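Biologist: I am a first-year student, and I would like a close look at a single part of this structure. Please pick one region, explain its terms as they come up, and then show me how it fits with the rest.

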Amino acid sequence: MKEKFSIFTAIAYTSAKPHIGNTYEIVLADSIARFKRLLGYDVYFQTGTDEHGEKIAIKAKEQGVTCQEYCDNISQEIKDIWDIMNTSYDRFVRTTDPIHEKVVGNIFEKLLNQGDIYLGKYEGLYCIPCESFFTESQLVDGKCPDCGREVVKKSEESYFFKMSKYQKRLEDYIESHPEFIEPESRKNEIMNNFIKPGLLDLCVSRTSFDWGIKVPSDPKHVVYVWLDALTNYITNIGYDVDSTKEEFQKYWPADLHVIGKDIIRFHMIYWPIFLMALDLPLPKKIFAHPWLLMNEDKMSKSKGNVLYADDLVKQFGVDAIRYYVLHEIPYGHDGNITNELIIDRINSDLANVLGNLVNRTIAMAKKYFDGHIENKKETDPIDFDFIKLINDLKTKVTKRMDELEIGKALDEIFELLRRSNKYIDETMPWVLAKDDQNKNRLETVLYHLLESIRISAIFLTPFLPDTGKEIQKQLNQLDEHFEFQESLKYHVFDPTPIFLRIKVEK
RNA sequence: GGCGAGAUAGCUCAGCUGGCUAGAGCACGCGGUUCAUACCCGCGGAGUCGAGGGUUCGAAUCCCCCUCUCGCUACCA
């Protein structure tokens, strides 16, 4: 039986169209999901949208539509972008899905009945005109950060979750599972800032707005954000408080949660504790990825420095953008994006190294052998090192993927591509072609190159799905072995450039 | 303020538990080549490895201190 691998992105909040930075997460998760499928895992890959809350209600009102209509629109827009990015999720969930709403209600009641949730009072500093609560630290000069007016103490009836009850268990769990949170620095932040000083109980209901899931036993309350949002990971795959479906048993716990570094607190504290309260296993790993900065600056609408995935794809193509974000955002810290940097990567990596290699190799196969290439096995010592590199690719890429070093996994493939270009210079096929006595040697060299490209294309597929397929098509070779094959028969046709260089006007 | 991360070639970064002349990619310069998308291959660069002190036969790598940058510091998500 296939080993399972379940991967979940955070669900995107439907407050606005996601920019390329927000879109990075789904592409990142997609490359991991596709890679695991390539290795033969039974993969489940889930994403979706988070749709409740006061902010949504306000936006919907501004647009003069119902909350549901508003969410339908944005959720669809998000889904469209995920599709434009060619991401291979198995399920797109929404917190407004009836099954989710029902199970969240059940979870709330269960936690209430077992005493983990209690009715209390939320006390905070309130700005009356803005109708918002703020914490001490959010205030600007002791006044409302939005409008600058005085705030008053106000309390509101709310349900709370007893975080403190599970604090020790969570702390022990994190200490004894060093692989649980990556990168480690994020773990330190949460441990030192929140868990060790002592957890505050979490407010899990609101009465000040009603766009949310009603608490079944007390419908003037709606379930507040995180108990609603985080549970998406289990409600849609068949968890309920008194029964679970086969799909849930198969795919839970998650092997990997891919989330932004901004919401690690919720995934590292609240989510594990909710699961403990429900007596469910915790996800095996939570990866808090960094951000994509626009010219070293955080993207925001108000700054006007926002890049959107769909615009970029129109301009550069989906695989170029996938390559850019996957390659340029390192594991531990923010990456940077500008048009110039994208063009730079397309030209030097995709067009020069990859595209040109494919093009020149196929062109030679066509020119010297009318496209028919077999392994004549007229080898030279110079070949061994090259073939070894081809056969090492799987191990190297797998290691990098296991480390969640996606950019470095791509580098491993490009190292082989560069080596292949070098191999051409070392063997000089155009010289061999001048003498018929070298015919078998020439064909052997081209065979080696075709094998290198074939295997590179296979490993490129998780990251650049269309490109991987296009190369396979041009090679006219669908063999799927990860290692160098001794006796494939190639019959290639005229090559077509896969990435064109982009000329920059200055 | 507290906690955490970082400061290495023009740019983006590798350099785990200290050890041959500090590396890669890009950019730049020179040379080679022509199968190929003016591509590819080779060679090169005066980098005080943020500053200072210490440990050691030996430190970018360990310790101390300083400077600077960034992240987190609870109910917006």
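Modeller: Happy to! Chain A of this predicted model has a mean pLDDT of 91, with 96% of its residues at 70 or more; pLDDT is the predictor's confidence in each residue, on a scale from 0 to 100. The model's scores are ipTM 0.91 and pTM 0.94. Residues are numbered from 1 along each chain as its sequence is written, while chains are lettered from A and ligands numbered from 1 in the order in which they are written. Because this is a predicted model, local features need pLDDT of at least 70 and side-chain atom pairs count only at pLDDT 80 or more, whereas totals for chains, interfaces and linings use all residues.

Let's set the scene before zooming in. Chain A contains 18 helices and 19 strands; these are DSSP runs numbered from the N terminus, with helices being H or I of at least four residues and strands being E of at least two. Along the principal axes, the C-alpha atoms of chain A fill a box of roughly 90 × 55 × 40 Å. Of the 506 residues in chain A, 43% are buried. A residue is called buried if 20 or more other C-beta atoms lie within 10 Å of its own, exposed if 12 or fewer do, and partly exposed in between, with C-beta atoms placed from the backbone.

Our close look is at helix α13, which covers residues 339-369. Its axis and that of helix α12 (residues 318-328) come within 10 Å and cross at roughly 100 degrees. Axes here are lines fitted to C-alpha atoms, for helices over the stretch in contact, and angles run from 0 to 180 degrees between N-to-C directions. The two helices are therefore roughly perpendicular to each other, a label for angles of 65 to 115 degrees; under 35 is roughly parallel, over 145 roughly antiparallel, and the rest oblique. On the α12 side, the contact uses Ala320, Tyr323, Tyr324 and His327, and on the α13 side Ile342, Arg345, Ile346 and Leu350. Two residues are in contact if their C-beta atoms, placed from the backbone, lie within 7 Å. Six residues of this contact are nonpolar, one is polar and one is charged. In that scheme Ala, Val, Leu, Ile, Met, Phe, Trp, Tyr, Cys and Pro are nonpolar, Asp, Glu, Lys and Arg are charged, and the others, Gly among them, are polar.

Further along α13 we meet alanine 365. Alanine 365 counts as buried because 25 other C-beta atoms lie within 10 Å. Setting aside neighbours within four places in sequence, its contacts are Gly371, Ile373, Leu446, Leu450, Tyr490 and Val492. By contrast, tyrosine 126 lies 74 Å from alanine 365, C-alpha to C-alpha, and 239 residues away in sequence.

Where does α17 come in? This helix spans residues 439-460, and 19 of its 22 residues are buried. From first C-alpha to last, α17 reaches 31 Å, close to the 32 Å expected at 1.5 Å a residue; the expected span is 1.5 Å times one less than the number of residues.

One last neighbour is tryptophan 430, in helix α16 (residues 429-432). Its C-alpha is 8.4 Å from that of methionine 364, although the two are 66 residues apart along the chain. Tryptophan 430 is exposed, as 12 other C-beta atoms lie within 10 Å.
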